[in-house]
Amino acid sequence: MTTPARRHLFVCVESRPHSGRRGCGDRGGREVLAAVQRAALDHPAAALRISGSLCLGPCLDGPNAVLYPEGCWYRDLTEADGADVLRAALTDGHAAKRCPPPGGEDVEDVEDGEDGEDGEDVDDPSAPNIDR
């Protein structure tokens, strides 16, 4: 029996072949989606649904993904981030850095402003490109 999904991860795969602004799908979004889906094969009982989506909004920050119901946004993703995105989605959705929702104000770093959940410095340029 399939576990009902408690969370839903949307990865933008929008293609904009006739636009001056490249869509996430044209910048690696399809590869990010495939990487997350491959990583999910190791967690068949997870209560998580993973879907490709059309435009999520912040194209210039893409490829992007968003996790619901938390509303955690992930930006500037690469195929190599797939397992990290899945890990965040399976836990609490949080990550080392945050990004604003489309049209939103910039959000400050994690509550204490210094360390992420694993004690990582949120300003560390080597931190994964997973944002909330």
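In the predicted model, Leu86 is in contact with Val36, Ala39, Ala40, His43, Leu48 and Ile50, neighbours within four places in sequence being left aside. Leu86 is also among the residues with the most contacts inside the largest nonpolar core, a group that further includes Leu9, Val36, Leu48, Ile50, Leu67 and Tyr74. This core has 18 residues. Two or more residues come from each of strand 1, helix 1, strand 2, strand 3 (65–68), strand 4 (72–74) and helix 2 (82–90). The largest contribution, five residues, is that of helix 1. In soluble globular proteins, nonpolar side chains tend to be buried together. A second core, separate from the largest one, has five residues, among them Cys12, Cys24, Leu56 and Trp73.

Strand 1 (residues 7–12) and strand 2 (residues 48–53) run parallel and are joined by six bridges. Within this pairing, His8 lies opposite Arg49 of strand 2. Together with helix 1 (residues 29–40), the two strands form a right-handed β-α-β unit.

The cysteines were examined next. A disulfide is a covalent bond between the sulfur atoms of two cysteines. Zero disulfides were found in a search of the whole structure. For Cys12, the closest cysteine sulfur is that of Cys24, at 3.8 Å, which is too far for a bond, because a disulfide requires the two sulfur atoms to be within 2.5 Å. Cys12 is buried, with a relative accessible area of 1%. Cys59 is likewise in no disulfide, and the nearest cysteine sulfur, in Cys55, is 3.7 Å away. Cys59 also counts as buried, at 4% relative accessibility.

Methods
Residues are numbered from 1 along each chain as its sequence is written. This is a predicted model: local features need pLDDT of at least 70, side-chain atom pairs count only at pLDDT 80 or more; totals for chains, interfaces and linings use all residues. Side-chain values use heavy atoms; hydrogens and water are left out. Two strands pair if DSSP finds at least two bridges between them. Helices (H or I, at least four residues) and strands (E, at least two) are DSSP runs, numbered from the N terminus. A crossover is right-handed if, with the strands pointing away from the viewer, the path from the first strand over the helix to the second runs clockwise. A nonpolar core is a set of buried Ala, Val, Leu, Ile, Met, Phe, Trp, Tyr and Cys residues joined through side-chain atoms within 4.5 Å. Buried means under 20% relative accessible area, exposed over 50%, partly exposed in between (1.4 Å probe, protein chains only). Contact means heavy atoms within 4.5 Å.
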